[in-house]
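The following exercises concern the packing of helices and the pairing of strands. Please consult the sequence and the structure while working through each solution.

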Amino acid sequence: MKFGWIDLRGVPAEHYDAVVEAAIHAKIEGIVADEPGRLAALPPTVKRVLLPSQQLSPSAVAAPAEDAPATPDVLLTRLTHSDDLDRLRLDVAGTGHEPAAFVDVVDDPTLKLACSAARELPYTVVQFQDPTKIPLEIVIAAADKTPGQLICQANDLEEAGIILDVLEKGSEGVMFAPQDANEVFGFAELLRVQTPDLDLTTLTVESIEHNGLGDRVCVDTSTHFAEDEGILVGSYAHGFVLCVSETHPLPYMPTRPFRVNAGALHSYTLGLDNRTNYLSELKAGSPILAVGADGRTRRVVVGRIKLESRPLLTIKAVAEDGTEVSLTVQDDWHVRVLGPGAAVLNVTELKQGDKLLGYVSTEKRHVGWPVKEYCVEK
């Protein structure tokens with residue numbers, strides 16, 4: 001999970017208290033202020049980050065008076081020249097503070113300064129003057145595999161989401177000044193970029209039925225699938241089969257590693273936050289869940305949906321716990337699913353007793369969300 005810092009310096013006064021309460025409730029890691037007094041009342045569960053409007057040396061806040069606010073957990077020192085980085089290390093020595101920096105990247109020298117700070121310091125906050133994300137990519141690459149934490153300032157929620165995905169890994173943290181409490185909770189959702197692994201199960205094929213003409217959906221994504229990846233699809237919300245992408249060679253046509261020939265339009269696919277969507281509901285920009293044969297998952301984005309009428313067949317299978325699973329797909333040899341060990345299986349060659357990879361959910365569904373209620377699917 002990525003971490004976030006809420007920057008109080010840009011919060012409207014009328015929303016200040018609500019933003020602080022929301023940040024604490026949402027378990028945001030840190031809160032940034034320009035005055036020590038604004039940090040004093042924060043609980044110990046929140047990292048107190050001081051970014052003073054006038055530069056303070058670490059020694060100036062190392063030993064406050066008895067009636068002064070508590071020392072911040074992180075003191076950000078503004079760096080503008082390469083000499084400032086050497087001076088910061090000297091100032092921090094013996095104060096008990098870890099060196100931490102704020103760099104405003106406005107040109108090539110400050111970009112190089114940000115790269116040096118990110119490689120060397122425990123915390124480096126970067127702000128970029130220009131809208132391009134190329135400088136951030138450079139800083140992320142420079143700091144890769146170093147122990148320090150890189151935090152990028154975002155101007156709004158949309159930019160925060162982009163920052164988290166830069167170079168796939170993004171920065172470790174994002175600093176954001178919300179306009180109200182709702183934006184705090186929206187920010188907290190963005191930080192949940194990691195998707196949980198799934199415990200896949202082995203399904204045993206019971207029958208294959210040829211259904212005749214129907215509508216099937218190809219899901220074209222904006223990314224490449226690995227050879228053992230696909231999406232989970234099923235006719236029932238409680239059981240899914242792992243449909244593999246078109247990454248494997250086929251006669252008469254090129255591979256399309258961005259595509260999954262997923263199933264009939266009525267089918268469910270398992271998506272983010274344990275929610276299902278009908279294949280017919282997906283569209284360009286929809287987030288879905290890519291799933292590997294080992295259960296790993298990641299978020300991918302739909303580029304388009306391709307719905308066409310084709311002959312269909314239905315695979316009926318049963319899980320190890322007796323749960324019945326059904327999947328209706330295009331009745332064609334080049335449509336494939338995955339078996340144990342990432343075996344690639346052509347659907348038209350499946351027979352009773354064959355083993356498939358799938359996922360079983362014990363929860364019932366209402367508009368895609370899991371609910372505890374009585375529901376029968378057959």
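**Exercise 1.** Is the crossing of helix 6 and helix 7 left-handed or right-handed? Determine also how the two axes are oriented and which residues make the contact.

*Solution.* The model is a predicted one.

Step 1. The crossing of helix 6 and helix 7 is right-handed.

Step 2. Helix 6 spans residues 157-165 and helix 7 spans residues 181-191; their axes come within 10 Å and cross at roughly 15°. Angles under 35 degrees count as roughly parallel. Helix 6 and helix 7 are therefore roughly parallel to each other.

Step 3. On the side of helix 6, the contact is formed by Leu157, Ala160, Gly161 and Leu164. Helix 7 contributes Glu183, Gly186, Phe187, Leu190 and Leu191. Sorted by class, the residues of this contact are six nonpolar, two polar and one charged.

**Exercise 2.** Identify the strands that pair with strand 9, and state which residues are bridge partners of Met175.

*Solution.*

Step 1. Strand 1 (residues 3-7) pairs with strand 9 (residues 173-176) in the parallel sense, over four bridges. Here Trp5 has Met175 as its bridge partner in strand 9.

Step 2. Strand 8 (residues 149-154) also runs parallel to strand 9 and is joined to it by four bridges. In this pairing, Met175 of strand 9 is the bridge partner of Gln153.

**Exercise 3.** Are the residues on the two faces of strand 9 buried or exposed?

*Solution.* Consider each face in turn. On one side, Gly173 and Met175 are buried. On the other side, Val174 and Phe176 are buried as well. Both faces of strand 9 are thus covered.

Note on methods
Residues numbered from 1 in each chain as written. Predicted model: local features only at pLDDT ≥ 70, side-chain atom pairs only at ≥ 80, totals over all residues. Heavy atoms only, no water. Axes fitted to C-alpha atoms, helices over the stretch in contact; angles between N-to-C directions. Parallel < 35°, antiparallel > 145°, perpendicular 65-115°, else oblique. Left-handed = near helix turned anticlockwise from the far one by under 90°. Contact = heavy atoms within 4.5 Å. Nonpolar A, V, L, I, M, F, W, Y, C, P; charged D, E, K, R; others polar. Buried < 20%, exposed > 50% of the residue type's maximum accessible area, 1.4 Å probe, protein only. Pairing = 2+ DSSP bridges.
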